[in-house]
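Reader: I have a fresh model open and would like to learn how to read it. Could you take me through it feature by feature?

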Amino acid sequence: MEQMQKQINDIVQELNLLKEQQALQAVCLKGMKIHRKCYLVDPVRKSYHAASEDCSNLGGVLGTPTSSNENDQLRDYLRQSVNPGEQVWLGVSDMVKEGAWVDITSTNITYKNWDTSNGQPDGGRSQNCAVLSGASNGKWLDENCKEEKPSVCQFNIV
C-alpha cells in the first residue's frame, strides 16, 4: 500500500511538472524566446508594483536583461509588441538603498544599460524603478514607480 502511494505521489509530481512545462511553452509561443528565457509583453499600463505582482501571478518576474545582446533582442521584441517609442518596466530598482540597483530577487545587477548621455539614472529618491526605453534605443531610464507603463515578464526555461 505504501509503495502504491509513493507511485501515485510520483505520478502527480510528474504531471504537475508537465503542466508547468506546457504553460511555459504557451508563454514562449505568445512571447519571445531570448537566450534561456521567455519574455512576454503586457501592453496594459500599470504601476511597477502592479506589473511585478501580475508577472508573479503568471509564474514569472519582471524582465531583467543580463547582457547587451539580450537587451537588444528584448528592445526589438518590445518595438514589435508595443509602440516603438514606449517605455516598459524592467525588474530593476533601487528602492531599498538609493543607487544600489538590484533585480526582483534583491541581487545586485551586473549588466546595466543606463542612458548615460542623458545622465541616467538621475531621479534620486523619487525615481526608483527602471524602464527600457524604445525611444532611447533600448537604454534604461529611472522613473517614478507609481507611473503607469506597459511591462515585460520573464520566465526562465529550465
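Author: Gladly! Let's begin with a term: a residue is called exposed when over 50% of its relative area is accessible, and buried when that value is under 20%. Keep in mind that this is a predicted model.

Reader: Thanks. With those words in hand, which residues of helix α2 are buried?

Author: In helix α2, which spans residues 48–57, the buried ones are Tyr48, Ala51, Ser52 and Cys55. Looking down the axis of α2, you find these buried residues within an arc of 100°, so they line one face of the helix. Turn to the other side of α2 and you meet Glu53 and Asn57, which are exposed.

Reader: Which strands do the buried residues of α2 pack against?

Author: Their partners are β2 (37–46), β3 (61–62), β4 (87–93), β6 (129–133) and β8 (149–156). While you are there, look just past the end of α2: Gly59 has a positive phi of about 95°.

Reader: Let me step back to the whole chain. In what order do its elements run from the N terminus?

Author: The order is α-β-β-α-β-α-β-β-β-β-β, which comes to three helices and eight strands. For the chain's contacts, look at sequence separation: among those with a separation of 6 or more, 74% join residues 24 or more positions apart.

Reader: And how much of the chain is buried?

Author: Buried residues make up 42% of its 158 residues. The accessible surface is about 9,300 Å², and carbon and sulfur atoms account for 50% of that.

Reader: I usually look at pockets next. What is the volume of the second largest pocket?

Author: Its volume is about 190 Å³. The lining has 17 residues, and Thr64, Thr66, Asp103, Ile109 and Gln154 are the closest to the centre. Strands β3 and β8 each supply at least two residues of this lining. By class, the second largest pocket is lined by six nonpolar, nine polar and two charged residues.

Reader: One last spot: Gln120. Why does Gln120 count as buried?

Author: Apply the cut-off from the start: buried means under 20% relative accessible area. Gln120 has 12% relative accessibility, so it counts as buried. Gln120 is found in the loop between β5 (102–103) and β6.

Reader: Which residues is Gln120 in contact with, leaving aside neighbours within four places in sequence?

Author: Gln120 is then in contact with Trp114, Asp115, Trp140, Leu141 and Asp142. Try selecting them in your viewer!

Technical notes. Residues are numbered from 1 along each chain as its sequence is written. This is a predicted model: local features need pLDDT of at least 70, side-chain atom pairs count only at pLDDT 80 or more; totals for chains, interfaces and linings use all residues. Side-chain values use heavy atoms; hydrogens and water are left out. Buried means under 20% relative accessible area, exposed over 50%, partly exposed in between (1.4 Å probe, protein chains only). Helices (H or I, at least four residues) and strands (E, at least two) are DSSP runs, numbered from the N terminus. The arc is that of the directions from the helix axis to the C-beta atoms. Contact means heavy atoms within 4.5 Å. Accessible areas come from the Shrake-Rupley method with a 1.4 Å probe; for residues, only the protein chains shown count as cover. On a 1 Å grid over the protein atoms alone, a cavity is a set of points where a 1.4 Å probe fits but cannot get out, and a pocket is an open set with protein on both sides within 12 Å along at least five of seven lines; lining residues have an atom within 4 Å of a point. Grid points are joined across faces, edges and corners, and a volume is the space filled by probe spheres set on the points. Ala, Val, Leu, Ile, Met, Phe, Trp, Tyr, Cys and Pro count as nonpolar, Asp, Glu, Lys and Arg as charged, and the others, Gly among them, as polar.
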